[in-house]
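Let us go through the charged pairs of one protein chain. Keep the sequence and the model side by side.

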Amino acid sequence: MRHASAIVIALTLLGLAGCVSVQLGGPGRGELEEKTVYGERGPKIALLDIDGVISSESERGTLGFGARESVVARVRAQLDRAEEVGARALILRINSPGGTVTASEIVHDEIRQFREKTQVPVVAQLMGVATSGAYYVAMAADAVYAHPTSVTGSIGVLMVGVNLSGLMEKVGVENQTLVSGPFKDAGSPLRPMTEAERAQLQSVIDGLQERFVEVVSRGRPQLSRARVQALADGRVYSARQALEHGLVDGLASLPDTVEETRQRAGLERAHVVVFHRPREWRENLYSTPRPFGAGLDLSALLPPVRPPAFLYLWWPGAP
C-alpha cells in the first residue's frame, strides 16, 4: 500500500495525473444570439459579462459536455457583435476574482480599443467579487460603479508555488531534473528555491506590479501614482472602502447603473441586450450565460501540479 501511494504521488508530481477529461464535444458555437433583458424601446445598450476566472483557455464541462469558449474569446466575440448592432453604450458586468496576467491585459485592451473606436460610453458594474485582474479590466471603462456589497481591490501579482522536496524524501522519490542553466527550473516544486532564484522571480513580479499600477493610475486619473501604489498592497476593499479611496465612482445596483449609462449616452430611453450562444440561457438582467454542465471538470477531483503562471488573482486559498 505504501509503495502504491508513493507511485501515485510521483505521478502527480510529474503532472501525469494532473488533468483527466474525456473530450466528447468542443465549446458550443453558432452565431451569437441577441436577447433583450431590460427595457423594451429605444436604442440598444449592450451588457457584457466578465465572470469566472479570466483566462484564454476554454472552460470545460463534465466529460466535455457544456463547454464554452474562454473569457478572452467570448469578450472579443461580444464586442464585435455589440459594434455590429450599433449599441450606443456598453455595460461591463464584472463578477470575477481575476485571472492570468496576460488574459486580463488582453480583455482590458479589447474593451479600451472598442471604446476608442466606437466612441460610446463604457461603464463597469462590479458585482459580488471584482478583484485583481477583474479590477484591472474595469480600468478600461469610463466609470466604475460597485454594488454596495461588492468586494474589490486585491491589486497585485501572485505566483503560487510549493516545495515538496520533504515529502518526496519521505516516500523515496528523487528529483533528477536536467537543466541548461541555473535558473531554468526556478520555482520548481521538486526542490527548495535558492535566494538568487527568489530574487529573479520577484523582479518579474515587481515589473508586472508596475504595469498594474500604471493601468490603475490611467483608469483613475484623480488618484496620484503614489496613492495608487499605496493602495496596491494586495488587500481587498469593501465597496464603501473602495469609494472612500477613489477606486470606484459610486455605489449602485445594476438597474441604477443602467440608468446612469443611458444618461451618459444621451438617450431618452434604451433597452439592454445581451449576446449568447444558442445553447446558453438568458432571461433577465441578472442571468449569466451558462450551458448545462459548464464549469464542472473532473480534473478538479485530483491534486494536479499546474504549469507556473503569474496571476492577477485574489485567491485566499492559495498554499
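**Salt bridges**

Tutor: Asp185 counts as buried, at 15% relative accessibility (buried is under 20% relative accessible area, exposed over 50%, partly exposed in between; 1.4 Å probe, protein chains only). This is a predicted model, where local features need pLDDT of at least 70, side-chain atom pairs count only at pLDDT 80 or more, and totals for chains, interfaces and linings use all residues. Residues are numbered from 1 along each chain as its sequence is written, and side-chain values use heavy atoms, with hydrogens and water left out.

Student: Which residue meets Asp185 in a salt bridge?

Tutor: A salt bridge puts a side-chain nitrogen of Lys or Arg within 4 Å of a carboxyl oxygen of Asp or Glu. Here the N to O distance is 2.7 Å. The partner counts as buried, at 18% relative accessibility. It is Arg191.

Student: How many residues apart in sequence are the parts that Glu83 and Lys117 tie together?

Tutor: The closest N and O atoms of Glu83 and Lys117 are 3.1 Å apart, in a salt bridge. Glu83 lies in helix α2 (residues 71-84) and Lys117 in helix α3 (residues 101-118); helices are DSSP runs of H or I, at least four residues, and strands runs of E, at least two, numbered from the N terminus. So the pair ties together parts separated in sequence by 34 residues.

Student: Is Lys117 buried or exposed?

Tutor: Its partner Glu83 is partly exposed, at 32% relative accessible area. For Lys117 the value is 60%. Lys117 is exposed.

Student: How many salt bridges does a search of the whole structure find?

Tutor: Another one joins Arg115 and Asp142, at 3.8 Å between the closest N and O atoms. The search of the whole structure gives 21.
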